[in-house]
Amino acid sequence: MDDIVIVGAGECGTRAAFALRETGYTGAITLVGAESHLPYERPPLSKPMDGTVRMKAICGSDAIASAGIDYLQGAVAAGLDPSLRTVSLNDGRTLPYQKLLLATGARPRRLTCTGAEYALDFRTYGDATEIFLRAASAKSVAIIGGGLIGMELAAVLRAKGITVTIIEAAPKPLGRAVPVRFAGSLHATHVAQGVEFRLGVGVAEITRTGVLLADGTEVPADLVIAAIGVTADCALAEAAALVTGNGIHTDVCLRTSDRDIFAAGDCAAVVQPGGGHVRFESWRNARAQGETAARNMIGHTKPFDAIPWFWSDQYDLSLQVVGLPRPEHQAIVRTSPDGELEFYLDGGRLVAAAGLGPGNSLAKDIKLAEMLVAAGVVPEPEALADPTVNLKAVLKSARAEAAA
Ligand SMILES: Cc1cc2nc3c(=O)[nH]c(=O)nc-3n(C[C@H](O)[C@H](O)[C@H](O)COP(=O)(O)OP(=O)(O)OC[C@H]3O[C@@H](n4cnc5c(N)ncnc54)[C@H](O)[C@@H]3O)c2cc1C
């Protein structure tokens, strides 16, 4: 097979291009990336080590060249014709493909209120550079949206001594992906650090001097940032009449409704065993789906079944979540000097875990929890709650039981 085209040179598309070579594919690979940089990682943008944004490249131009990847930097795929199997670029070029990967990621959701144009988005290196440049001379910043990105940004700006207000329409921050226990701990940490919260109230208007809220009050701010989530970039897929919803719909092998087109990463909504399609927005998911899509484009039929995992750093705390915790799960808490872990049981089976602690203190336990989830264990709740019980021992005995 020849001619694989990948649209989107983010974590997913770039990882897919390298994975193709690692799996032995020798044909042509064209990686089309709209941004005018080498492929880079987004997570460090909201966690600058000393408050200065640095670009962390996923790979150097040498690595791209030696892998024989034709990287079209700053090129936008403007059209897709599945019947001719071609992608057309905004500079007039047309790329034929035999297999195509859509790794177009996601775009910031836009505010619709009056003055929305005064709020800065936070998605790209360019966005981060502008935000931190303007924050350097700002005394006060209003962040609209109390999700992970807004909270991470608040932590960084507070460390610079800036007055930060988070405006969130829901009654609590971090309501979406973070288990209630840890959302509460992080909220309390931000309050202790001096972040102001305006919760349960919408935005009426953004002005040159701040944000006017729906309750008539005003949050004065030199700088306003919109962090109200993202929407999958489905533009090409929709124009080509592929099936989309909350993302580009794929089967378990990440194939779209066209058999020669795959989708992966933030833009892909993957069919679930119980029905429906789920889209994840996390670094590891983008990477893992890119690798799976690469294999499947060259003839494998590997279902995507990686356990979801993400992390977030705020102040000196690191949150990690593995699996998909749900409010209806039985939650078991383990407290240790390293922080707190929470395990989630569904009918006795361990299906998810989360932890919050300083730095990397809980990374090893979360890794072991992930292995326990993968092993499908039915652990003793008492053992999970007891910090003196080593999770490695729980895993070992689960494996021994399975082998018996
Ligand atoms: C500030 C920030 C912090 C984050 N922190 C974390 C974290 O701590 N932990 C975590 O797990 N996840 C984090 N994430 C999420 C994670 O970075 C994303 O899930 C991941 O980058 C998604 O990768 P992707 O390749 O699917 O999409 P993207 O990274 O969105 O890449 C898609 C690329 O495709 C390009 N593109 C789109 N359409 C076209 C087109 N038509 N032609 C050419 N190119 C196109 C886009 O310009 C973009 O460069 C963070 C994200 C952000 C923005």
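Trainee: How many bridges join strand 20 to strand 21, and do they run parallel or antiparallel?

Mentor: Keep in mind that this is a predicted model. Look for the bridges first, then the direction of each strand. Two bridges join strand 20, residues 268–271, to strand 21, and the strands run antiparallel. For one facing pair, find Val270, which stands opposite Val278 in strand 21.

Trainee: Which sheet do these strands belong to, and in what order do the strands come?

Mentor: Read a sheet across its strands. Here four strands form an open sheet in the order 17-18-20-21, with mixed pairing. Then look for the edges. They are strand 17 (244–245) and strand 21 (277–278), and each pairs on one side only.

Trainee: How should I read a hairpin? How many residues lie between strand 4 and strand 5?

Mentor: Trace one strand, then the turn, then the partner. Strand 4 (residues 77–81) and strand 5 (residues 86–89) run antiparallel and are joined by four bridges. Four residues lie between them in the hairpin. In the turn, Arg85 has a positive phi of about 55°. Within the pairing, Gly79 has Ser88 of strand 5 as its bridge partner.

Trainee: What does strand 5 do with strand 6?

Mentor: Follow the chain onward. Strand 5 pairs with strand 6, residues 94–96, over three bridges in the antiparallel sense. Val87 stands opposite Leu95 in strand 6. This hairpin has four residues between the strands, and Gly92 takes a positive phi near 95°.

Trainee: Now the domains. Into which domains is the protein divided?

Mentor: Check whether a domain is one stretch of chain or several. Domain 1 takes 4–107 + 230–297, domain 2 takes 116–226, and domain 3 takes 316–403. For a distance, use the C-alpha centres: those of domain 1 and domain 3 lie 32 Å apart.

Trainee: Why does the ligand lie between domain 1 and domain 2?

Mentor: Ask who supplies the surrounding residues. Domain 1 and domain 2 both give residues to the shell around the ligand, so the ligand lies between them.

Trainee: How many residues surround the ligand, and which are the closest?

Mentor: Count the shell, then pick out the closest members. There are 36 residues around the ligand, and the closest are Gly8, Gly10, Cys12, Gly105 and Gly265. The elements that give two or more residues to this shell are helix 1 (11–22), strand 2 (29–33), helix 7 (283–297) and strand 22 (309–314). By residue class, the shell has 18 nonpolar, ten polar and eight charged residues.

Trainee: At what angle do helix 1 and helix 7 pack?

Mentor: For a helix pair, read angle, distance and handedness. Helix 1 and helix 7 pack at about 35°, and their axes are 7 Å apart. The crossing of helix 1 past helix 7 is right-handed. Next, see who touches whom. Helix 1 brings residues including Cys12, Ala16 and Leu20, while helix 7 brings residues including Trp283, Gly290 and Ala294. The contact has eight nonpolar, three polar and four charged residues.

Trainee: One more sheet. In what order do the strands 22 to 26 come?

Mentor: Do not expect chain order. Five strands form this open sheet in the order 22-23-26-25-24, and the pairing is antiparallel. The edges are strand 22 and strand 24 (330–336). From one strand to the next, the twist averages 15°. Inside the sheet, strand 23 (residues 317–323) and strand 26 (residues 349–358) pair over seven bridges. There, Gly323 stands opposite Ala352.

Trainee: Which strands does helix 8 lie across?

Mentor: Compare the helix with the strands below your eye. Helix 8, residues 363–375, lies across strand 22, strand 23, strand 25 (339–346) and strand 26. Helix 8 runs at about 175° to strand 26.

How values were computed:
Residues are numbered from 1 along each chain as its sequence is written. This is a predicted model: local features need pLDDT of at least 70, side-chain atom pairs count only at pLDDT 80 or more; totals for chains, interfaces and linings use all residues. Two strands pair if DSSP finds at least two bridges between them. A residue is near a molecule or strand if its C-beta atom, placed from the backbone, lies within 6 Å of it. Ala, Val, Leu, Ile, Met, Phe, Trp, Tyr, Cys and Pro count as nonpolar, Asp, Glu, Lys and Arg as charged, and the others, Gly among them, as polar. Domain bounds come from an automatic or database domain assignment. Axes are lines fitted to C-alpha atoms, for helices over the stretch in contact, and angles run from 0 to 180 degrees between N-to-C directions. A crossing is left-handed if the near helix is turned anticlockwise from the far one by less than a right angle, and right-handed if clockwise. Two residues are in contact if their C-beta atoms, placed from the backbone, lie within 7 Å.
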